[in-house]
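Subject: A structure for you to look at

Hi there,

Here is the structure I promised to pass on to you. Have a look around it first, and then read on for what turned up.

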Amino acid sequence: MHTRDIPIDQWQPFLDTFTRLHQGDQIGIECIGPGSTRRSEFHHRPLLGVVAVPDCGGSSCIEVIAGPQLHAQTRTIRDPSHLSVTERDDGYPLSLQITDNDGAVTLLRMESPIQSSKPPGNYLG
């Protein structure tokens with residue numbers, strides 16, 4: 001398992017590829033505030049998309065959209081400053097970590113089965 005940082009100029013293509021490859025996979029969202037307060041936003045929801053939005057009401061944001069399409073839930077991270085992915089040795093993503101300018105962390109955890117039908121190394125393109 002290893003963690004790698006995604007450069008800010010690569011957020012959009014990375015998140016587009018992540019969404020394309022993992023749409024429908026089960027995810028959970030956990031938020032950790034600057035004071036280490038943890039709360040679960042949702043879990044066991046199918047991923048609909050993760051999108052970098054350059055103009056989100058005056059600043060940038062990243063939106064995580066999950067759930068059945070008719071009852072989708074969105075978690076919006078305003079002013080993101082850092083994006084990283086933790087992967088298994090074969091490249092399968094275990095989690096995305098998004099940190100905002102205030103130091104709050106949003107953790108998107110993959111809840112998919114341990115075994116995947118995707119060939120090793122093709123999880124994020």
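Before anything else, please keep in mind that this is a predicted model.

Let's start with one pair of strands. Strand S4 (residues 61-66) and strand S5 (residues 73-78) run antiparallel and are joined by 6 bridges. To find one of the pairings, go to Ile65, whose bridge partner in S5 is Thr74. These two strands make a hairpin with 6 residues between them, and there Gly67 takes a positive phi near 115°.

**The overall plan**

How many helices and strands does the protein chain have? There is 1 helix, along with 8 strands. Reading from the N terminus, the elements come in the order β-α-β-β-β-β-β-β-β. The protein chain has 125 residues, and 44% of them count as buried. Its accessible surface is about 6,800 Å², with 50% of that belonging to carbon and sulfur atoms. Among contacts in the protein chain with a separation of 6 or more, 48% are between residues 24 or more positions apart.

**The sheet**

In what order do the strands of the sheet lie? The open sheet of 8 strands is ordered S1-S6-S7-S8-S2-S3-S4-S5, and its pairing is antiparallel. Strand S1 (2-5) and S5 are at the edges with a single partner strand each, so each has one side without a neighbour in the sheet. On average, and ignoring direction, neighbouring strands of this sheet are turned by 35° against each other.

At the S1 edge, 4 bridges connect S1 to S6, and the two run antiparallel. A good place to see this is His2, which has Glu87 as its bridge partner in S6.

**The helix and the core**

Now turn to the helix. H1 lies across S1, S3, S4, S6, S7 and S8, and runs at about 115° to S3.

Which residues have the most contacts inside the largest nonpolar core? That core has 23 residues, and the ones with the most contacts inside it are Leu15, Ile27, Val50, Val64 and Leu108. Two or more residues of this core come from each of helix H1 (11-22), strand S2 (26-32), S3, S4, S6, strand S7 (93-100) and strand S8 (105-110).

Leu15 is a nice residue to click on. If you leave aside neighbours within four places in sequence, Leu15 is in contact with Val50, Val51, Ala52, Ile62, Leu83 and Leu96.

Ala52, from that list, deserves a look too. Ala52 is part of strand S3. Is Ala52 buried or exposed? Its relative accessibility is 13%, and buried means under 20%, so Ala52 counts as buried. In sequence, Ala52 and Leu15 are 37 residues apart, while their C-alpha atoms are 7.2 Å apart in space. Again leaving aside neighbours within four places in sequence, the contacts of Ala52 are Gln12, Leu15, Cys61 and Ile62.

**The disulfide**

One of those contacts, Cys61, leads us to the next feature. A disulfide is a covalent bond between the sulfur atoms of two cysteines. The structure holds 1 disulfide. Which residues form it? The pair is Cys56 and Cys61, and their sulfur atoms are 2.4 Å apart. The link of Cys56 and Cys61 is right-handed, with 85° about the S-S bond.

Both of these cysteines are buried: Cys56 has a relative accessible area of 13%, and Cys61 has a relative accessibility of 2%. While you are looking at cysteines, Cys31 also counts as buried, at 2% relative accessibility.

**Two backbone details**

Finally, here are two residues to check in the backbone. His44, in strand S3 (residues 38-53), has a positive phi of about 55° even though it is not a glycine. Is His44 buried or exposed? With a relative accessible area of 53%, His44 is exposed.

Asp79 is not a glycine either, and it has a positive phi of about 50°. Where does Asp79 lie? You will find Asp79 in the loop between S5 and strand S6 (80-87). Asp79 is partly exposed, with a relative accessible area of 31%.

Enjoy exploring, and write back with any questions!

Best wishes

Definitions and conventions
Residues are numbered from 1 along each chain as its sequence is written. This is a predicted model: local features need pLDDT of at least 70, side-chain atom pairs count only at pLDDT 80 or more; totals for chains, interfaces and linings use all residues. Side-chain values use heavy atoms; hydrogens and water are left out. Two strands pair if DSSP finds at least two bridges between them. Buried means under 20% relative accessible area, exposed over 50%, partly exposed in between (1.4 Å probe, protein chains only). A nonpolar core is a set of buried Ala, Val, Leu, Ile, Met, Phe, Trp, Tyr and Cys residues joined through side-chain atoms within 4.5 Å. Contact means heavy atoms within 4.5 Å. Accessible areas come from the Shrake-Rupley method with a 1.4 Å probe; for residues, only the protein chains shown count as cover. A disulfide is a pair of cysteine sulfur atoms within 2.5 Å. Axes are lines fitted to C-alpha atoms, for helices over the stretch in contact, and angles run from 0 to 180 degrees between N-to-C directions.
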